[in-house]
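Please open the model in your viewer and keep the selection panel at hand. The tour below proposes one selection after another and says what each one shows.

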Amino acid sequence: MNIDKSYMGCFGRMKTHIKPTAIVVHHTCTSSPKRTREALKKKNCSTHFEVDTDGTIYQYREEDLMCSHCGSSNCHTLGIDVTHLDGAEFPEVQIQALKQLVEYLCVKWNIPQVVHEQLSGIYPHRALGSTRCPGNLPMERLNAE
């Protein structure tokens, strides 16, 4: 698994350290990582990773630094954005790259590799409130095999 770190620190100036206990998966509603970065900067938000439609993984922040991606859960979660326009299918190469990233992070941070609708393991952004995010992403594919 290759992770492109060329955009590390492009946003998110907080230096609050965290020990991640869960992963939140989002979809971007953008057509490219460039557009995602522009949208995040405009909203003054941040995320740890983005998985593009071609399977490229971008890391934007250090894993032990807090990002601004899901409100009060920021203090203990890693944020992963998946490049995606509403209604589109998620390419298999993107799902596979996301699964590899999730597996890596779960092992590294001792996070249960099971999808929940609560703050334990891996969960969709919609578990936090009134959002459809991450859309039609097949979250069950992120469970450990």
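The stops run from the whole chain to the sheet, then to a loop, and finally to the cysteines.

**The whole chain**

Begin with everything selected, and keep in mind that this is a predicted model. Colour by secondary structure, and you should find 2 helices and 6 strands, which follow one another along the sequence in the pattern β-β-α-β-β-β-α-β. The radius of gyration is 13 Å, close to the 15 Å that the globule rule gives for 145 residues, so the chain is as compact as a globular protein of that length. If you turn the C-alpha trace along its principal axes, its span is about 35 × 35 × 30 Å. Buried residues account for 48% of the 145 residues, and, among contacts between residues at least 6 apart in sequence, 70% join residues at least 24 apart.

**The sheet**

Now select the strands alone and read across them: the 6 strands form an open sheet in the order β1-β4-β3-β5-β2-β6, with mixed pairing. At the edges you will find β1, residues 3-4, and β6, residues 121-124, each of which pairs on one side only. Next, highlight residues 22-27 and residues 77-82, which are β2 and β5; these two strands pair in the parallel sense over 6 bridges. To see one position in this pairing, show V24, whose bridge partner in β5 is G79.

Which helix packs on the sheet? Add residues 92-109, and helix α2 appears against the sheet, touching β1, β2, β3 (49-51), β4 (57-59), β5 and β6. The direction of helix α2 makes about 170° with that of β5.

**The loop between β2 and α1**

Move on to T28, which is found in the loop between β2 and α1, the latter being residues 33-43. Is T28 buried or exposed? With 14% relative accessibility, T28 counts as buried, because the cut-off for buried is under 20%. Leaving aside residues up to four places away in sequence, the residues that T28 touches are T36, E50, D81, V82, T83 and H84. Display the side chain of T28 and you can follow its reach to the backbone nitrogen of H84, at 3.0 Å. For a longer view, draw a C-alpha to C-alpha distance from T28 to G121: the two are 21 Å apart in space and 93 residues apart in sequence.

Then add T30, which has its place in the loop between β2 and α1 and is buried, with a relative accessible area of 10%. A polar contact of 2.8 Å joins the side chain of T30 to that of T28. A polar atom of the T30 side chain also lies 3.4 Å from the backbone oxygen of S32. Again not counting residues up to four places away in sequence, T30 touches R35, T36, T83, H84 and L85.

**The cysteines**

For the last stop, how many disulfides does a search of the whole structure find? The search finds 0. Select C70, which is in no disulfide, and whose nearest cysteine sulfur, that of C75, is 8.7 Å away. As for their surroundings, C70 counts as buried at 8% relative accessibility, whereas C75 counts as partly exposed at 44%.

Technical notes
Residues numbered from 1 in each chain as written. Predicted model: local features only at pLDDT ≥ 70, side-chain atom pairs only at ≥ 80, totals over all residues. Heavy atoms only, no water. Pairing = 2+ DSSP bridges. Helix = DSSP H or I, 4+ residues; strand = E, 2+ residues; numbered from the N terminus. Contact = heavy atoms within 4.5 Å. Axes fitted to C-alpha atoms, helices over the stretch in contact; angles between N-to-C directions. Buried < 20%, exposed > 50% of the residue type's maximum accessible area, 1.4 Å probe, protein only. Polar contact = N/O pair within 3.5 Å; in protein donor to acceptor, adjacent residues only side chain to side chain. Disulfide = S-S within 2.5 Å. Rg over C-alpha atoms; globule rule 2.2 N^0.38 Å.
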